[in-house]
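Here is a short, friendly tour of the model you are about to see. Keep the viewer open as you read along.

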Amino acid sequence: MHGIVFFVGRCLYLEKARGMKMLLHYYKAIHSFNIPFSLLAGLLGLVEHDKLSGFLRAFTLSLFTGGFALSVFFFGLAYENRYYFYYNKGFSKLQLIGGAYLLNVAMLLVYRLIKFWMI
Amino acid sequence: MIQHELQADSVFKHFGDREILTDCFVRCKTGEVIGILGRNGCGKSTFMKIIFGTLSCTHKYVSIDGKKYDAPYKVKGLMAYLPQQHFLPDLLTVKAAIKLYADSRVDEERMMTDENVLPYLSKNIFSLSGGERRYLEILLLVNTPAKFILLDEPFNGLDPLVKEKIMLLIRAYRATKGFIITDHDYRHIIAASDRIILVTNGVFKNIKALEELETLHYLPPGSLAFSGLE
C-alpha cells in the first residue's frame, strides 16, 4: 500500500516538476525581452530621481506592467509558432502568461521579504 | 491494442465574407493515417488548428472517444500538432529539448538513442539543418502521450532521405496513435495514408480512387501516370 502511495505521489511530483520546467522556460523567454526593456526604463527612472531607489522603482514598475505587456506582445509577434512548443504540452497562452506573471509576483514578494528582514 | 476515435464534425470557418470550411467532417481511429490534400489556401492548416483548439471558428464538434472537447490541446494526452513553421526554441540543445519534452525516463532514453538524433544531441537547435530539425520535432511529438498526431506539412522542403525517415517514424508509431497529415507532396501523403481527403471549395471529399484527384482538378492530367501511382 505504502509503495503504491509513494509511486503515485512520485508520478504526480514529476508531472508537476515537468510542468514547472516548461513554465520556467517560457518565463525565461519572456524575460529576455522584459529585462532589457525594464533596465532601460530603470535608467530613465535614474535620470528622473537621480537615486538608486528611482532606478529600482522604475525597473520594477516596468517589469510588472509595460515591460511585461510589451514582452508578451513582441514574443507573440516574433515567435508566434513557438507557442506550439508549450501548447503540445497542454499549456494555453493564458496559463503561460498568468504563470509567468505570478512568478514575477513571487519574486517581488521574496525581494520585499529580504528587504524587510534587512531593515 | 486500445482503440481511440477522434471525430471532427460540422466544422465551419469563414474569414470575412469568404467561407473557408463548410461542414467538414473527419474520423480517425488509432492505427489510421488520414491524408488531407488541397490547394494552397483551401483551409487544411486552418482545419488542423481548429480541431487542435488553437483557432476559433464559427462552429465545430470535436470528440475523442465520444467525449466533446472545445480545446483538446489543453487536455494532456489527447492531441499533438506539428505546425508548418519550426516551433522548437533555437537556443535549446537537442538534449535539453528532449529532457524538457519527455514525460518519462523511458521516453527520454528512447529519443536520445534514436539513431537520427544521437549524432547531434549536444548541438543547439538553431544549428540543425531543416531536415534534422523537422525530424526532431516529429520525434518529440510522437513520443508525447497524445492519442492523435496532426502533422501540417511534415515533408515540406525536405530531401528524399529525410522524407523517408519521417515516413518510417509515422509507420513505427501508427500502431498506438492516429495520424492526420497534410502536405503538398501528394506522393508521400498517398504512400503514408490509409484514406485520402481532398479539400475543395471548403468541402471535404473522400477520395475513393486516385484518379479523382485529377478529375477534381487537384492534379494536372497525367500526373498520376507520370508518378507511377495509377
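Helices (H or I, at least four residues) and strands (E, at least two) are taken here as DSSP runs, numbered from the N terminus. This is a predicted model, in which local features need pLDDT of at least 70 and side-chain atom pairs count only at pLDDT 80 or more, while totals for chains, interfaces and linings use all residues. Residues are numbered from 1 along each chain as its sequence is written, and chains are lettered from A and ligands numbered from 1 in the order in which they are written.

**Chain B as a whole**

Chain B contains eight helices and 10 strands. Its radius of gyration is 18 Å, close to the 17 Å that the globule rule gives for 230 residues, so chain B is as compact as a globular protein of that length. The radius is taken over C-alpha atoms, and the rule is 2.2 Å times the number of residues to the power 0.38. Along the principal axes, the C-alpha atoms of chain B fill a box of roughly 50 × 45 × 40 Å.

Of the 230 residues in chain B, 42% are buried. A residue is buried if 20 or more other C-beta atoms lie within 10 Å of its own, exposed if 12 or fewer, and partly exposed in between, with C-beta atoms placed from the backbone. Two residues are in contact if their C-beta atoms, placed in that way, lie within 7 Å. Among chain B contacts between residues at least 6 apart in sequence, 67% join residues at least 24 apart.

**Two loop residues with positive phi**

Which residues other than glycine have a positive phi? Two examples are B:Asp65 and B:His217.

| Residue | Phi | Loop in chain B | C-beta neighbours within 10 Å |
|---|---|---|---|
| B:Asp65 | about 50° | between β4 (59-64) and β5 (67-68) | 12, exposed |
| B:His217 | near 65° | between α7 (212-215) and α8 (223-227) | 11, exposed |

**A glycine in chain A**

A:Gly76 sits in helix α3 (residues 66-78) of chain A. With 13 other C-beta atoms within 10 Å, A:Gly76 is partly exposed. A:Gly76 and A:Lys93 lie 17 residues apart in sequence, and their C-alpha atoms are 9.9 Å apart in space.

**Where the chains touch**

The contact takes 13 residues from chain A and 17 residues from chain B. On the side of chain A that touches chain B, the elements giving two or more residues are α1 (2-49) and α4 (83-87) of chain A. The most comes from α1(A), with five residues. This side of chain A divides into five nonpolar, five polar and three charged residues. Here Ala, Val, Leu, Ile, Met, Phe, Trp, Tyr, Cys and Pro count as nonpolar, Asp, Glu, Lys and Arg as charged, and the others, Gly among them, as polar.
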